[in-house]
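Please work through the exercises below with the sequence and the coordinates open beside you. Try each task before you read its solution.

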Amino acid sequence: MLQNSGIIDENVICNCGNSCNVRTSRADNNPGRRFFGCKMPKGGCGYFKWIDPSPEVELLKKKLKEVEEDRDTLKYKMKKLGGKFDSLKQKLKEIKQERDCAKAKFNRLVVVVLCFLLAKIIFG
Ligand SMILES: [Zn+2]
């Protein structure tokens with residue numbers, strides 16, 4: 001249909017059975033945009049088909065591509081953060097274990113001190 005060079009190799013047939021001419025829009029909302037139209041006088045059968053893409057569609061395609069890139073970047077960042085989160089969870093688990101161990105040591109120390117004080121009270 002539309003080559004990189006802008007040359008059109010498509011043969012479009014209108015409702016009259018004729019091959020269409022390539023025309024260029026002079027409308028305010030589509031200036032310079034090319035289309036196929038019936039080559040018969042006064043618009044002939046009225047056949048009409050755009051060749052060049054709509055500028056709005058092209059803009060939306062470009063925005064979609066940008067949004068998709070942002071999505072991929074966010075996906076990557078989320079994956080990275082997920083890894084960090086797992087690492088922090090592991091560290092938290094280790095710290096909890098250390099805390100429990102320290103608590104047990106403290107409890108044993110309290111028992112020893114209480115025994116010592118009790119012995120001192122009983123035996124002077
Ligand atoms: Zn026609």
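The exercises that follow concern a predicted model, and they take up its sheet, its metal site and its salt bridges in turn.

**Exercise 1. The sheet**

Task: Establish in which order the three strands of the open sheet lie, and which of them are the edge strands.

Solution: Begin with the pairings, of which one joins S1 to strand S2 (residues 34-37) in the antiparallel sense over four bridges. The other joins S2 to S3, again antiparallel, over three bridges. Put together, these give an open sheet with the order S1-S2-S3 and antiparallel pairing. The edge strands are then strand S1 (21-24) and strand S3 (48-50), since each pairs on one side only. As for the twist, neighbouring strands of this sheet are turned against each other by 35° on average, when direction is ignored.

**Exercise 2. Bridge partners**

Task: Find which residue of S2 is the bridge partner of Arg 23, and which residue in S3 stands opposite Phe 35.

Solution: Starting from Arg 23, the bridge leads to Phe 35 in S2. From Phe 35 the next step leads to Trp 50 in S3, which stands opposite it. A further bridge to S2 can be traced from Asn 21, whose partner there is Gly 37.

**Exercise 3. The zinc site**

Task: Identify the residues that coordinate the zinc ion, and decide which geometry its site has.

Solution: First list the donors, which are the SG atoms of Cys 14, Cys 16, Cys 38 and Cys 45, lying at 2.1 to 2.4 Å. Next consider the angles among the four donor atoms, which run from 101 to 114°. Four donors count as tetrahedral if all angles lie between 85 and 135 degrees, and the site of the zinc ion is therefore tetrahedral. In sequence, the donor residues follow the spacing C-x1-C-x21-C-x6-C. Within this set, Cys 16 in the segment before S1 and Cys 45 in the loop between S2 and S3 link distant parts of the chain, being 29 residues apart. To place these two cysteines relative to the surface, note that Cys 16 has 40% relative accessibility and so counts as partly exposed, while Cys 45, at 31%, also counts as partly exposed.

**Exercise 4. Salt bridges**

Task: State how many salt bridges a search of the whole structure finds, and work out, for Glu 10 and for Asp 52, which residue is the partner in each case.

Solution: The search finds five salt bridges. As background, side chains of opposite charge can pair when their charged atoms come close. Glu 10 has Lys 49 as its partner, with the closest N and O atoms 3.2 Å apart. This pair links distant parts of the chain, as Glu 10 is in the segment before S1 and Lys 49 is in strand S3, 39 residues apart. Glu 10 is partly exposed at 29% relative accessibility, and Lys 49 is partly exposed with a relative accessible area of 29%.

Asp 52 forms its salt bridge with Arg 34, and here the closest N and O atoms are 2.9 Å apart. Asp 52 is in the loop between S3 and helix H1 (55-123), whereas Arg 34 is in strand S2, 18 residues apart, and the pair likewise links distant parts of the chain.

Task: Decide whether Asp 52 is buried or exposed.

Solution: The relative accessible area of Asp 52 is 14%. Buried means under 20%, so Asp 52 is buried.

Methods:
Residues numbered from 1 in each chain as written. Predicted model: local features only at pLDDT ≥ 70, side-chain atom pairs only at ≥ 80, totals over all residues. Heavy atoms only, no water. Pairing = 2+ DSSP bridges. Helix = DSSP H or I, 4+ residues; strand = E, 2+ residues; numbered from the N terminus. Axes fitted to C-alpha atoms, helices over the stretch in contact; angles between N-to-C directions. Donors = N, O, S within 2.8 Å, 3.2 Å for Na, K, Ca; no water. Tetrahedral: all angles 85-135°; square planar, octahedral: opposite > 155°, others 65-115°. Buried < 20%, exposed > 50% of the residue type's maximum accessible area, 1.4 Å probe, protein only. Salt bridge = Lys/Arg side-chain N within 4 Å of Asp/Glu carboxyl O.
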